[in-house]
Amino acid sequence: MKMWKKVILALVGIGVVYVGVVLGFMYSGARSVPTSNPDTILILGSKVIDDPARPMPVLRERLDAAIPFIEKHGLAKVVVSGGQGEDESASEASVMKDYLVAHGIAASRIEVEDTSMRTEENLANSKAKFELGKTVIVTSDYHLYRALMLAGRQNIDATGLPAKTQTGALFKGVPREILSISYAWFFDR
């Protein structure tokens, strides 16, 4: 076998093993168990569409996972975090708050952080704006490992509540998350 074929096979093999390792970490995040006595329930944003804006399926899954947990923990404050992208007609956080209120959560319990454009900013801006205390982060199951890792780097006392991804978003979200975890491991310090 020619040397270049061996090099290519070795690189492919290393890539497959690396992706397997990252998927293992993602799986560990998806199995997170939230604390039973949170001070804050922090829901991370995701894309909204239309005008008036409404949550895309991934964001609806996060919100729908959060609602029973919010109802069960009546003393915990709720923080919704997500800014407004160029192609969004409203901030993710404002759409999230409206959705929660429409589903019976009191508006007075919900705090809004609407400037963040990425996970690291969601966490940093929420921590800077609010006293978080013991925090339960609600996000997509495949995204929870990275969210908790970044929270730990910012000294946020956090556990996770995974929102099960039931949409076709896994096919887009998981490969993107593999790249995002790699970026976070090597560059987000």
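**Note on the predicted model**

1. Start with the annotated domain. The end C-alpha atoms of residues 39-163 lie 19 Å apart, and this span is 38% helix and 24% strand. UniProt labels the stretch "domain: DUF218", in an unreviewed entry. Keep in mind that the model is predicted.

2. Next, the overall fold. The protein chain holds 6 helices and 7 strands. Along the sequence they run α-β-β-β-α-β-α-β-α-β-α-β-α. Contacts reach far along the chain: of those between residues at least 6 apart in sequence, 72% join residues at least 24 apart.

3. Dimensions. For 189 residues, a compact globule would have a radius of gyration near 16 Å; the protein chain has 18 Å, which agrees. Along the principal axes, the C-alpha atoms fill a box of roughly 70 × 35 × 30 Å. Read both values together when judging the shape.

4. Surface and charge. Of the 189 residues, 45% count as buried. The accessible surface of the protein chain is about 10000 Å², and carbon and sulfur atoms account for 60% of it. Charged side chains number 22 positive and 21 negative. The centres of these two sets are 10 Å apart.

5. The N-terminal annotation. A "transmembrane region" is recorded by UniProt for residues 7-27, again in an unreviewed entry. In the model, residues 7-27 are 100% helix and 0% strand. Their end C-alpha atoms are 30 Å apart.

6. The loop after the N-terminal helix. Serine 32 sits between helix H1 (3-30) and strand S1 (40-44). Is serine 32 buried or exposed? Serine 32 counts as buried because its relative accessibility is 17%, and the cut-off for buried is under 20%. Beyond its neighbours within four places in sequence, serine 32 is in contact with Leu144, Leu148, Gly160 and Pro162. Serine 116 is 84 residues away along the chain, and its C-alpha atom is 24 Å from that of serine 32.

7. Proline 34, also in the loop between H1 and S1. Which residues does proline 34 touch, not counting those up to four places away in sequence? They are Phe69, Val136, Thr159, Gly160 and Leu161. Gly160 is also one of the contacts of serine 32. C-alpha to C-alpha, proline 34 is 25 Å from serine 182, with these positions 148 residues apart in sequence numbering.

8. Serine 91. This residue lies in the loop between strand S4 (77-81) and helix H3 (92-102). Serine 91 has a relative accessible area of 9%, so it is buried. With neighbours within four places in sequence left aside, its contacts are Gly82, Gly83, Gln84 and Asp114.

9. Glutamine 154. Where does glutamine 154 lie? The loop between helix H5 (144-153) and strand S7 (158-163) holds this residue. Glutamine 154 is at 15% relative accessibility and therefore counts as buried. Leaving out residues up to four places away in sequence, glutamine 154 touches Glu120, Leu123, Ala124 and Lys127.

10. To close, a short recap of the loop sites. Serine 32, serine 91 and glutamine 154 are each buried. Their loops lie between H1 and S1 for serine 32, between S4 and H3 for serine 91, and between H5 and S7 for glutamine 154. As for the records, both the "transmembrane region" and "domain: DUF218" come from an unreviewed UniProt entry.

Terms used:
Residues numbered from 1 in each chain as written. Predicted model: local features only at pLDDT ≥ 70, side-chain atom pairs only at ≥ 80, totals over all residues. Heavy atoms only, no water. Helix = DSSP H or I, 4+ residues; strand = E, 2+ residues; numbered from the N terminus. Rg over C-alpha atoms; globule rule 2.2 N^0.38 Å. Buried < 20%, exposed > 50% of the residue type's maximum accessible area, 1.4 Å probe, protein only. Contact = heavy atoms within 4.5 Å. Areas by Shrake-Rupley, 256 points an atom, 1.4 Å probe, with all protein chains shown as cover. Lys, Arg positive; Asp, Glu negative; His and termini not counted. Charge placed at Lys NZ, Arg CZ, Asp CG, Glu CD. UniProt positions renumbered as here; feature names shortened; annotations may be inferred.
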